[in-house]
Structures are given as structure tokens and as C-alpha cells.
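Reader: Please take a close look at a single part of this model, beginning with one side chain. Then follow the description outwards from there and report what else can be said.

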Amino acid sequence: MNTFDNLFSRKSIRTYNGENITESELNLILKAAYASPVGRALFDTLNITVISNREFLNKWEDYCESQTEHRPFYGAPTVILVSSLIPSTDLKSVNVNFSNAAILVQNMAIAATELGIGSCHIWGAVRFLNNNEELLKELNLPEGMIPCCAIILGHTDEKYELRDIPENKIKTNFIK
């Protein structure tokens, strides 16, 4: 697949057939995360947690459902959580830390699309995770790491097809 076909066919997948991704698929997706640009070379401020433990995922989803009546993983067998150190004293520059985490997730989504693996960025479930000390403790994250975003992954029967991308989808200003 060429780059533009990949970008123009990527979509959020919310149906999974229960088939786990293989170790080699996971390694390629993680390699895409490792290839991500990281602002200010703050690699040591990032942490990736690969979660395929169904018991933990069910507890996390149960908690989300108790808050929103929604199960955010749609049956995907793997969740990759990206956490970062967020400096509480420098609130004007934390966008770098959050952006770095989001870029890792986007690179993984692009890799998953290339492999034909379903993926979906997960935000709300991470917000709820951050409010549940019991679940956070089970993750055993390095000191000071705060979950920022996640991606769900799994095999799907959906197909990636080129989409028409409207050019006015996002308001764009030009300063010439």
C-alpha cells in the first residue's frame, strides 16, 4: 500500500472477530511506535504498556461501563496504552508530552492499517482509567507516568478501502 492509500483508507474499527494479532504483527506495530518523532527527544518520558490480559481488560471496561454505559474496546483482544511523565509545574509545555503519546498511537494505527488489522484510538477509557487508583496500581507503571491515550487492536472482517476525504472537513486558515 502506498502512503496516501494507507492514510486515506485508515478508519476507526469497532468490530473484531476475536482473533488475536500475532507476535510478529505486534512487533511491527510497536516498531512503528518506536519510529515516531518525539518532540525534544523526550523518549524517557514515554512508556508503552501492551495489555492482552482479558481479566484486566474486562475490569477496565466494566469500570468504563459503570461511568458511561459503554464498553470502549468493542471486543478487541489487545490494548496498547501510552503513558507519559507530565510535568505539573510547566503547564504551558505539557502539550509536547501529550502530543508525543498521540503520535505514537497514530503511527501504530497507520501500521495496523498497512497490516489489515483493526484499530481504534481510545481516549475516554483512558480518562476513566486515570480516575481508578486500583486499576492504575495493577498496571505497575513507572513512577510518575500518567496514561495519555491508547489504541485497541485486533483482527476484523472489515476491509480498509479508499475513502473520499472532504477538503473542508477541518477549518483551515492561510496566512500569506
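Author: In this predicted model, Phe4 has a relative accessible area of 54%, and because the limit for exposed is over 50%, the residue counts as exposed. Phe4 sits in helix H1, a run that covers residues 3–9. Phe8 belongs to helix H1 as well, four residues from Phe4, or about one turn of the helix. The relative accessible area of Phe8 is 35%, which makes this residue partly exposed.

The two side chains also form a ring pair, and the structure holds three aromatic pairs. The ring centres of Phe4 and Phe8 are 5.7 Å apart with an angle of 35° between the planes, so the pair is classed as tilted. The reason is that stacked requires planes under 30 degrees apart and edge-to-face over 60, and 35° falls into the remaining class. In general, a pair of aromatic rings is described by both the distance of the centres and the angle of the planes.

Phe4 and Phe8 are also members of a nonpolar patch on the surface, together with Leu7, Leu162 and Ile165. The five residues present about 460 Å² of accessible area together.

A salt bridge comes next. Lys11 lies in the loop between H1 and H2, and its side chain meets that of Glu158 in a salt bridge, 3.2 Å from N to O. Glu158 is in the segment after E4, 147 residues away from Lys11, and the pair thus links distant parts of the chain. Both partners are partly exposed: Lys11 has a relative accessible area of 26%, and Glu158 has 27%. Side chains of opposite charge can pair when their charged atoms come close.

The count of salt bridges in the structure comes to six. A network of salt bridges links Arg54, Glu61, Asp62, Glu65 and Arg71. Within this network, the side chains of Arg54 and Glu61 meet at 3.6 Å, N to O. The two partners fall into separate accessibility classes: Arg54 is partly exposed at 34%, whereas Glu61 is buried at 4%. Glu61 is called buried because its value is under 20%. Another bridge of the network joins Arg71 to Glu65, with 2.9 Å from N to O. Arg71 is partly exposed, with a relative accessible area of 29%, and Glu65 is partly exposed too, at 33%.

The loop between helix H3 (54–68) and E2 has two residues with unusual signs of phi to note. Glu69, found in this loop, has a positive phi of about 60° although it is not a glycine. Its relative accessibility of 75% makes Glu69 exposed. Tyr74 is placed in the loop between H3 and E2 as well, and it has a positive phi of about 50° while not being a glycine. Tyr74 is partly exposed, with a relative accessible area of 28%.

Further aromatic contacts can be listed here. Phe56, Trp60 and Phe73 are linked into a cluster by ring pairs. Elsewhere, a charged side chain meets a ring: Arg127 lies over the face of Phe128, 4.7 Å from the ring centre.

That leaves the interior. The largest nonpolar core consists of 26 residues. Ile29, Ile80, Val82, Met108, Ile151 and Leu153 are the residues with the most contacts inside it. Two or more residues of this core come from each of helix H2 (23–34), strand E2 (78–85), helix H4 (95–115) and strand E4 (145–154). H4 supplies the largest share, eight residues.

Strand E4 also holds Cys148. With a relative accessibility of 9%, Cys148 counts as buried, because the value is under the 20% limit. The C-alpha atom of Cys148 is separated by 12 Å from that of Thr45, and the two residues are 103 apart along the chain.

To return to the starting point: Phe4 is an exposed residue of helix H1, paired with Phe8 in a tilted arrangement and part of a nonpolar surface patch that includes Leu162 and Ile165.

Definitions and conventions. Residues are numbered from 1 along each chain as its sequence is written. This is a predicted model: local features need pLDDT of at least 70, side-chain atom pairs count only at pLDDT 80 or more; totals for chains, interfaces and linings use all residues. Side-chain values use heavy atoms; hydrogens and water are left out. Rings of Phe, Tyr and Trp (its six-membered ring) pair if their centres lie within 6.5 Å; planes under 30 degrees apart count as stacked, over 60 as edge-to-face and the rest as tilted. Buried means under 20% relative accessible area, exposed over 50%, partly exposed in between (1.4 Å probe, protein chains only). A charge sits over a ring if NZ of Lys or CZ of Arg is within 6 Å of the ring centre and within 35 degrees of the ring normal. Patches are made of residues with over 30% relative accessible area and no salt bridge: like charges are joined within 9 Å, nonpolar side chains (Val, Leu, Ile, Met, Phe, Trp, Tyr) within 5 Å. Accessible areas come from the Shrake-Rupley method with a 1.4 Å probe; for residues, only the protein chains shown count as cover. A salt bridge is a side-chain nitrogen of Lys or Arg within 4 Å of a carboxyl oxygen of Asp or Glu. A nonpolar core is a set of buried Ala, Val, Leu, Ile, Met, Phe, Trp, Tyr and Cys residues joined through side-chain atoms within 4.5 Å.
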